[in-house]
Amino acid sequence: MEQLNILAQVQSLVGDSFLGFLRIAAPVVAVLLLLRCILPLLTFRREPEIWAWLNMPDGSQIPITHWENVIGRSKSCDVTIDFSTVSRNHAVLTRYDDGSWTITDAGSKDGVFVNGKKVQISAVHPRSRISIGGVEMHLQPISEKQEIKQAKLRTKAASGWDSVANLMLLSVLQVFMVLGFLLSGTEESMIPIIQGFGGILLCQWLLYVFYAIIHRSSFEVETIAFFLCTMGMAAIATVKPTEAIKQLIALVLGILVFLLIGWSLRDLERAKKFRYLAVVAGVGFLVVTLLFGTEYYGAKNWLIIGGMSLQPSELSKVCFVFAGASTMDRIMQKRNIIMFISYSVVICGLLALMNDFGTALIFFCSFLIIAYLRSGSVGTVALAITALGFAGVIALRIAPHALSRFATWRHIWEDPFNAGYQQTQALMCIASGGLFGLGPGRGMLQRIFAADSDIAFATISEEWGLIMALLTVLCIVALACFVLRTAPVARSSFYSIGACTAAGVLVVQTMLNCLGTLDVLPFTGVPFPLLSNGGTSMIGAWGLLAFVKAADTRQNASFAVRLKGRDDA
């Protein structure tokens with residue numbers, strides 16, 4: 001008996017020593033991993049791709065660096081022709097996947113002429129004479145050999161060994177976490193925890209092998225996503241370890257959605273067809289929820305199917321991004337923007353009927369991003385924000401559920417055992433965790449409702465430390481900054497608008513989740529992308545990530561961009 005006690009004491013001492021080591025080692029490994037992933041995203045050389053030349057009457061040549069180019073007198077145009085007869089936004093010159101070109105009149109005063117004939121939209125060939133405001137020009141596309149040579153000369157995103165090294169670091173972190181839970185958890189929870197972390201590890205390596213097969217070397221965006229999923233699994237392992245498998249299944253489905261959307265974006269014509277399907281699906285998800293959904297905490301935003309709870313509005317976010325993205329020739333048509341505004345009103349109206357004002361706010365922020373990118377008008381955005389203010393006042397009067405959350409905002413300490421209970425507990429546990437946390441499974445927040453979803457940021461802070469929690473926020477910020485860098489050189493406005501809107505959704509969700517937990521903003525219960533426990537939230541976040549990836553034009557970076565000279569369709 002004495003020997004058994006001594007053995008137990010030795011095991012306890014070893015366990016405490018390892019957990020002490022883990023508290024320091026985990027943030028060190030995470031910082032090194034994220035530095036290796038984030039720095040290439042923020043420092044890559046932005047190289048414009050030249051797809052054709054416009055030969056002007058004076059013998060000069062203007063490079064065409066996008067697949068969609070606005071031609072006009074305005075300095076904001078891709079091709080500026082400073083001539084009084086040329087409209088500010090006169091025409092749109094468009095390249096297609098097969099290498100063909102068209103020119104579209106953008107509502108100019110004098111029109112567009114091709115070979116002496118006035119056209120609304122017309123195919124353009126190397127010998128075609130284009131006349132815009134009396135200025136004649138010829139299009140000279142680069143040859144297929146020049147296109148292949150240009151692709152080879154572009155700087156590659158990363159080497160395969162860099163991605164392998166990053167995945168090795170992430171795998172080490174995951175193994176450390178499993179060992180930490182093994183030393184501090186109960187025997188009943190060990191199997192799902194091992195399966196959860198092991199499943200993430202397997203998924204990340206299988207996805208990398210798939211990338212290697214299709215000759216893609218850049219894996220930074222995906223590694224960041226898997227890091228967030230790993231931290232989310234750490235929160236689930238603490239609070240609800242039995243749901244680890246369910247979240248793993250959602251991760252697999254999310255990756256499949258990520259690949260499906262990426263495949264659809266490889267061909268702009270195919271992407272346009274998917275866009276129409278997404279428009280219908282986005283409304284359909286919300287209508288079904290409104291008719292057959294279940295109300296929780298004042299919001300009717302859940303569907304219960306076979307014992308599984310789903311939140312279809314998370315999938316509608318992906319559909320909304322698809323619906324908002326558009327090619328430049330359509331952006332120039334006023335009818336197109338009016339139709340999108342109408343679609344946005346329908347979406348937000350359905351969410352208001354469901355009393356899901358947190359999600360409605362995310363959709364509205366997405367609308368603002370799309371409206372600005374498609375119109376370039378600050379006035380339009382200001383008008384929309386004013387309309388939101390009036391709608392918000394009406395919503396607070398007719399929805400006591402929303403009003404109660406606003407009443408609690410900035411007053412949580414006045415009612416710490418009722419309305420402010422979650423947030424006061426979260427703040428105290430964040431403080432107790434310090435910089436390096438208490439260790440896996442040793443926090444008190446795991447006993448609080450929604451510790452793995454609504455306040456997952458606080459759970460990570462308590463058990464893994466404030467450094468790790470802030471690193472999860474840094475991941476989302478880094479993805480947004482990457483989009484801001486890559487969007488200007490994206491081939492199509494479809495990719496630019498989609499990526500910027502998707503990144504905007506991720507940022508707004510993260511802000512609402514973290515700042516709501518800290519009582520800086522009203523508490524909405526919005527999930528932290530890729531981290532909060534929730535199947536539909538996980539699938540939707542990976543769907544949004546596909547738009548971020550599609551805008552990446554670095555050489556051999558995105559599977560959504562075909563490699564010239566290689567049949568990988």
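# A guided tour, starting at K549

Begin by selecting K549, which counts as buried because its relative accessibility is 1%, where buried means under 20% relative accessible area, exposed means over 50% and partly exposed lies in between, using a 1.4 Å probe and protein chains only. Before you move on, note that this is a predicted model, in which local features need pLDDT (the predictor's confidence in each residue, from 0 to 100) of at least 70, side-chain atom pairs count only at pLDDT 80 or more, and totals for chains, interfaces and linings use all residues. Residues are numbered from 1 along each chain as its sequence is written, and side-chain values use heavy atoms, with hydrogens and water left out.

**Salt bridges**

Keep K549 on screen and add E222, since the side chains of these two residues meet in a salt bridge, 3.2 Å from N to O; the term stands for a side-chain nitrogen of Lys or Arg within 4 Å of a carboxyl oxygen of Asp or Glu. The pair links distant parts of the chain, with E222 in helix α5 (residues 220-239) and K549 in helix α18 (residues 535-550), 327 residues apart. Helices (H or I, at least four residues) and strands (E, at least two) are DSSP runs, numbered from the N terminus. E222 counts as buried because its relative accessibility is 0%.

How many salt bridges does a search of the whole structure find? There are six, and one of them joins E147 to R95, whose closest N and O atoms are 3.4 Å apart. E147 belongs to helix α2 (residues 144-153) and R95 to strand β5 (residues 91-95), so this pair ties together parts that are 52 residues apart in sequence. Both E147 and R95 are buried.

Next, select E314 and K317, whose side chains form a salt bridge of 3.1 Å from N to O. These residues lie three places apart in helix α8 (residues 313-324), about one turn of the helix, and E314 and K317 are both buried.

**A charge without a salt bridge**

Now go to R270 in helix α7 (residues 268-292). R270 is buried yet has no salt bridge, the nearest side chain of opposite charge being that of D267, 5.1 Å away; here Lys and Arg count as positive and Asp and Glu as negative, while His and the chain ends are not counted. A polar atom of the R270 side chain does, however, lie 2.7 Å from the backbone oxygen of W263.

**Parts far apart in sequence**

Select L42, which is found in helix α1 (residues 2-43) and is partly exposed, with a relative accessible area of 31%. Leaving aside residues up to four places away in sequence, L42 touches A478, C481, F482 and R485, where a contact means heavy atoms within 4.5 Å. The C-alpha atoms of L42 and F482 are separated by 5.8 Å, although their positions lie 440 residues apart along the chain.

**Two loops**

Which sign does phi have at N115? The value is positive, near 55 degrees, in a residue other than glycine, and N115 sits in the loop between β7 (112-114) and β8 (117-119). Then select L530, in the loop between α17 (493-517) and α18, where phi is near 70 degrees, again positive in a residue other than glycine; L530 is buried, with a relative accessible area of 3%.

**Confidence**

Finish by colouring the chain by pLDDT, which averages 83, with 87% of the residues scoring at least 70. Over residues 393-398 pLDDT stays under 50, and for this stretch the model has four contacts beyond four places in sequence.

Methods. Polar contact = N/O pair within 3.5 Å; in protein donor to acceptor, adjacent residues only side chain to side chain.
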